[in-house]
Amino acid sequence: MKNSNNGKRGFGPAFPLVRSKSRWYNNIRCGRLKSDYRYSNTLVYNNFPWPTTTEQQKLKIEQTAQAILDARALYPDSSLADLYDELTMPPELRKAHQANDHAVMDAYGFVKGSPARTSESACVAELMKMYQTLTSK
C-alpha cells in the first residue's frame, strides 16, 4: 500500500474490505481530509488484520466488490452522498453491500449467527483481538 488512500472509487485489493462492515474498525483508526476518510498506510492498511482467504473466498469477495461497482454504475448521475443516503440508497446497492459484508465476514471466519457477524461491537472486538495478535509478533 502506498502512503495513503483518500478515495474509494477505484477497485483494488483493499476495496471490498474497506466497503464491508469490518471497515468500522478502519474508521476508528483513520483520519479525515475534508469530509473524506483518509486511510494512511501506517495507521490503517499496514496494521489492519487482513483475513487469509481461500481462492474461493477471494473470488467471492472480488465478485461482490464488482457487484457494488455495477450497482453504483446504474446511477451515473448520483453522487456517492446520494447513493449512500440511508433513506434513499438504491436497493441494488444495499443488496450488493450486504453480499459483500457476508463474503468478507466468511473470510474472517465470522460464521452466520456468531456475535461478530451480528453485532458491530462484537465484530470490532474480534478485529481488535486479531490486531493484538498481529502486533504482538
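The chain has a mean pLDDT of 77, and 65% of its residues reach 70 or more, pLDDT being the predictor's confidence in each residue on a scale from 0 to 100. The model is predicted, so local features need pLDDT of at least 70 and side-chain atom pairs count only at pLDDT 80 or more, whereas totals for chains, interfaces and linings use all residues. Residues are numbered from 1 along each chain as its sequence is written, and side-chain values use heavy atoms, with hydrogens and water left out. Two stretches call for some care on the reader's part. Over residues 1-11 the pLDDT stays under 50, and the model has 34 contacts beyond four places in sequence for them, a contact meaning heavy atoms within 4.5 Å. Residues 24-29 also have pLDDT below 50, with 17 contacts in the model beyond near neighbours in sequence.

Turning to the overall fold, the chain contains seven helices and three strands. These elements are DSSP runs numbered from the N terminus, with helices (H or I) of at least four residues and strands (E) of at least two. Along the sequence they follow the pattern β-α-α-β-β-α-α-α-α-α. Of contacts between residues at least 6 apart in sequence, 62% join residues at least 24 apart. Buried residues make up 37% of the 137 residues; buried means under 20% relative accessible area, exposed over 50%, and partly exposed in between, for a 1.4 Å probe and protein chains only. About 8400 Å² of the chain is exposed, and carbon and sulfur atoms supply 54% of this area, as calculated by the Shrake-Rupley method with a 1.4 Å probe, where for residues only the protein chains shown count as cover.

The interior is best introduced through its largest nonpolar core, which has 10 residues: I61, A103, V104, M105, A107, Y108, F110, A116, C123 and L127. Such a core is a set of buried Ala, Val, Leu, Ile, Met, Phe, Trp, Tyr and Cys residues joined through side-chain atoms within 4.5 Å. Helix 5 (91-108) and helix 7 (120-135) each supply at least two residues of this core, and helix 5 gives the most, with five. Apart from this core lies another, of six residues, among them I68, L83, L93 and A96.

Helix 5 has 18 residues and reaches 26 Å from its first C-alpha to its last, close to the expected 26 Å, where the expected span is 1.5 Å times one less than the number of residues. Its buried residues include H97, N100 and D101 alongside A103 and V104. L93, also in helix 5, counts as buried because its relative accessibility is 0%. Beyond four places in sequence, L93 touches I68, A71, R72, L83 and Y84. The C-alpha atoms of L93 and A67 are 8.1 Å apart, although the two residues are separated by 26 residues in sequence. Further along the helix, A103 touches K60, I61 and T64, again leaving aside residues up to four places away.

Just after helix 5, G109 takes a positive phi of about 85 degrees. A search of the whole structure finds one aromatic pair. Y108 and F110 form this pair, which is stacked, at 5.6 Å centre to centre and 20 degrees between the planes. Rings of Phe, Tyr and Trp (its six-membered ring) pair if their centres lie within 6.5 Å; planes under 30 degrees apart count as stacked, over 60 as edge-to-face and the rest as tilted. Y108 counts as buried because its relative accessibility is 9%, and F110 because its value is 5%.
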